[in-house]
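Trainee: I would like a close look at a single part of this model. Please walk me through one helix and its surroundings.

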Amino acid sequence: ETFANTCGLILEPDDKPAKSMVGRLRRELTKRQQMTFFPLQKSVSDAVPLQPQKKEDKISDQHVLVTKLNPSAEPPKKLSTLLDLLYAIQLLVHAFAIAGLDLVDSKINAGKKVRQCSLTNAYWYRSFLWSAVRQHPKVHTQPGAVINWVIERDRQTRLKAQQLFETMNWP
């Protein structure tokens, strides 16, 4: 099953999360049965070119210094505007919905199969965060404070979800 067939939604390249991001989440949901926290700042689109794997600096006509880069060692991008934040949230929920396509036994309704993370549930989370941004009293005067506040609320909420996933074997 593909995301488009299952959800009836074809994502534009800018809205499609990077394969590396989806792959990590899928491995955590299906193979490891253990989630780790994925920071919003690491949300990246499939349309964004990957960082170069090596850097070449010409020292002289005969010598070139080649430095291998480790993309995971690079600092996460800074979410400096509310649009950056909302875009990162959008990519993250799409990544969870794509990674969570597999059907598993429901822990709430015995005998029923549910998606590990449905697109509907992912969009509910996105709406929850977007609502928090809109209702924050400093949204028009101090957007930086709102960004930091939402990033922290998101972190706390997803760490709690991680705990439920691991201790109560959700979904």
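Mentor: Start with a term: a residue is buried when its relative accessible area is under 20%. Keep in mind that this is a predicted model.

Take helix 5, residues 143–167. Its 25 residues should span 36 Å at 1.5 Å a residue, and the end C-alpha atoms are indeed 36 Å apart. The buried residues of helix 5 are Val-146, Ile-147, Val-150, Ile-151, Asp-154, Arg-158, Gln-162, Leu-164 and Phe-165. Their cover includes helix 2 (19–31), helix 3 (82–99) and helix 4.

Look at helix 4 first. It covers residues 119–135. The axes of helix 4 and helix 5 come within 10 Å and cross at roughly 150°. The crossing is right-handed. On the helix 4 side, the contact is made by Tyr-125, Phe-128, Leu-129, Ala-132 and Val-133. Helix 5 supplies Val-146, Trp-149, Val-150, Asp-154, Thr-157 and Arg-158. By class, the residues of this contact divide into eight nonpolar, one polar and two charged.

Now zoom in on Val-146, which lies in helix 5. Val-146 counts as buried because its relative accessibility is 0%, and the cut-off is under 20%. Leaving out residues up to four places away in sequence, Val-146 touches Leu-82, Val-133, His-136, Lys-138 and Val-139. Val-133 is also one of the helix 4 residues in the contact with helix 5. Arg-134 is 12 residues from Val-146 in sequence. In space, their C-alpha atoms are 9.5 Å apart.

Next comes helix 2, part of the cover over helix 5. Helix 2 has 13 residues. From first C-alpha to last it reaches 17 Å, close to the 18 Å expected at 1.5 Å a residue. Its buried residues are Met-21, Val-22, Gly-23, Leu-25, Glu-28 and Leu-29. The cover works in the other direction as well: what lies over the buried residues of helix 2 includes helix 3 and helix 5.

One check remains, on the cysteines. The disulfide count is zero. Cys-7 is in no disulfide, and the nearest cysteine sulfur, that of Cys-117, is 9.5 Å away. A disulfide needs the two sulfur atoms within 2.5 Å, so this pair does not qualify. Cys-117 is likewise in no disulfide, with the sulfur of Cys-7 as its nearest. Their exposure can be stated too. Cys-7 is partly exposed, at a relative accessible area of 26%. Cys-117 counts as buried, at 14% relative accessibility.

Conventions
Residues numbered from 1 in each chain as written. Predicted model: local features only at pLDDT ≥ 70, side-chain atom pairs only at ≥ 80, totals over all residues. Heavy atoms only, no water. Axes fitted to C-alpha atoms, helices over the stretch in contact; angles between N-to-C directions. Helix = DSSP H or I, 4+ residues; strand = E, 2+ residues; numbered from the N terminus. Left-handed = near helix turned anticlockwise from the far one by under 90°. Contact = heavy atoms within 4.5 Å. Nonpolar A, V, L, I, M, F, W, Y, C, P; charged D, E, K, R; others polar. Expected span 1.5 Å × (residues − 1). Buried < 20%, exposed > 50% of the residue type's maximum accessible area, 1.4 Å probe, protein only.
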